[in-house]
Amino acid sequence: MAFQMFHSFYYPEYMEETDQERQIFARPFAEVLEEGKGARSRRREGEKHFLSYITLGNPALLKQLFEHAFQKNTLFELGQLSENALRQARYMMICHVTLCSRAAIEGGLPETLAYYMSDSYIRYLDGQTDIRRINGLLYPVCLSYAEAVHEWRLSACGEHVRRCCEYIFSNILAPVTLTDLSDVCGLTPNYITELFTRELKMSPMRYIRSQKLEYARILLADHSRSVAQIAEHLSFPGHSNFTEQFRRQYGVTPSQYRKGKQGMV
């Protein structure tokens, strides 16, 4: 199979085909697939990490990811989209903006807000000629989308609940307790429970658990950790407890969820 199938269906008959277009569309699909296999896999793994934090609406985890990536100089592997450096920078940033926008929508941000943000960024890129400024947008763009999802999810919450939630997001891997939240906002555990029940329709401990399980759902799509390791990573009391809590929230066990996601790939 070659790209020729796509080409013959979409290429207008009245347009004269150039040598470059002929060369691109004549390449066998299997050849192109094999050539990009390794790079595509590595790039996709990097994308999944930072996009998952946008979907979660967790700016704290996103900041940690970028700090670690900058320190190790292993941020993201970029493809070659243009021989022109300025166009390359613009094209790559437009790709990132598009991915971030979709991840934010998946996280619950209304489409109108997500698209308004992406339109604003792309208009800015269209007139920007400083390559360093364009490349420097990567972190602010990702962070702005994560913060937008975060703000939208907590838009109906008061100051105390928001402060508690921000602490939970920042310590999602730790065993957060009601006492911790009490220390954070200076309120009694009973009053915190009352606020959470009124504003988020669930108790603080249930909210903490639901956020951990939502993150676990994303981690399960990555096969680098076992189910038991994910349970430990998120500070669940044990593998069986994690499995039971996950089944209650999503209707399937972590292993069943992972198999289902694998079948969709």
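**Helices and overall build**

I counted the secondary structure first and found 15 helices and zero strands in the chain; helices (H or I, at least four residues) and strands (E, at least two) are DSSP runs, numbered from the N terminus. I kept in mind that this is a predicted model, where local features need pLDDT of at least 70, side-chain atom pairs count only at pLDDT 80 or more, and totals for chains, interfaces and linings use all residues. Residues are numbered from 1 along each chain as its sequence is written, and side-chain values use heavy atoms, with hydrogens and water left out.

I looked up burial next: 36% of the 265 residues in the chain are buried. Here buried means under 20% relative accessible area, exposed over 50%, and partly exposed in between (1.4 Å probe, protein chains only). I also checked contacts, meaning heavy atoms within 4.5 Å. Of those in the chain with a separation of 6 or more, 62% are between residues 24 or more positions apart.

**The core**

I turned to the largest nonpolar core, which has 61 residues. Such a core is a set of buried Ala, Val, Leu, Ile, Met, Phe, Trp, Tyr and Cys residues joined through side-chain atoms within 4.5 Å. Ile54, Tyr145, Phe196, Tyr207 and Phe242 have the most contacts inside this core. Helix 8 (residues 138-153) gives the core its largest share, eight residues.

I followed Tyr207 outward: beyond its neighbours within four places in sequence, Tyr207 contacts Leu154, Cys165, Ile168, Phe169, Phe196, Leu200 and Met202.

Ser144 is also in helix 8. Ser144 counts as buried because its relative accessible area is 17%. Leaving aside neighbours within four places, Ser144 is in contact with Met117 and Tyr121.

I then looked at Ile134 in helix 7 (residues 131-135), which is buried at 0% relative accessibility. Ile134 touches Leu86, Ala89, Arg90, Met93, Leu125 and Gln128, not counting residues up to four places away in sequence. Its C-alpha is 9.4 Å from that of Met92, 42 residues apart along the chain.

**Rings**

I found nine aromatic pairs, counting rings of Phe, Tyr and Trp (its six-membered ring) whose centres lie within 6.5 Å. Ring pairs join Phe236, Phe242, Phe246, Tyr250 and Tyr257 in a cluster.

**The cavity**

I searched for enclosed space and got one cavity of 30 Å³ or more. A cavity is a set of points on a 1 Å grid over the protein atoms alone where a 1.4 Å probe fits but cannot get out, and its lining residues have an atom within 4 Å of a point. The largest cavity has a volume of about 40 Å³, the volume being the space filled by probe spheres set on the points. I listed Leu56, Asn58, Leu61, Phe169, Ile172, Gln211 and Tyr215 as its lining.

**Loops**

I visited Ala174 in the loop between helix 9 (159-170) and helix 10 (178-185). Ala174 is partly exposed, at 28% relative accessibility, and touches Lys212 and Ser235, not counting residues up to four places away in sequence.

Ser235 lies in the loop between helix 13 (227-233) and helix 14 (239-250). I noted its positive phi, near 65°, in a residue other than glycine. Lys201 has a positive phi too, of about 60°, and is not a glycine. I placed Lys201 in the loop between helix 11 (189-199) and helix 12 (204-219), where Lys201 is exposed at 65% relative accessible area.

Technical notes: 1 Å grid on protein atoms, 1.4 Å probe; cavity = no way out; pocket = protein on both sides within 12 Å on 5 of 7 lines; lining within 4 Å. Phe/Tyr/Trp six-rings, centres within 6.5 Å; stacked < 30°, edge-to-face > 60°.
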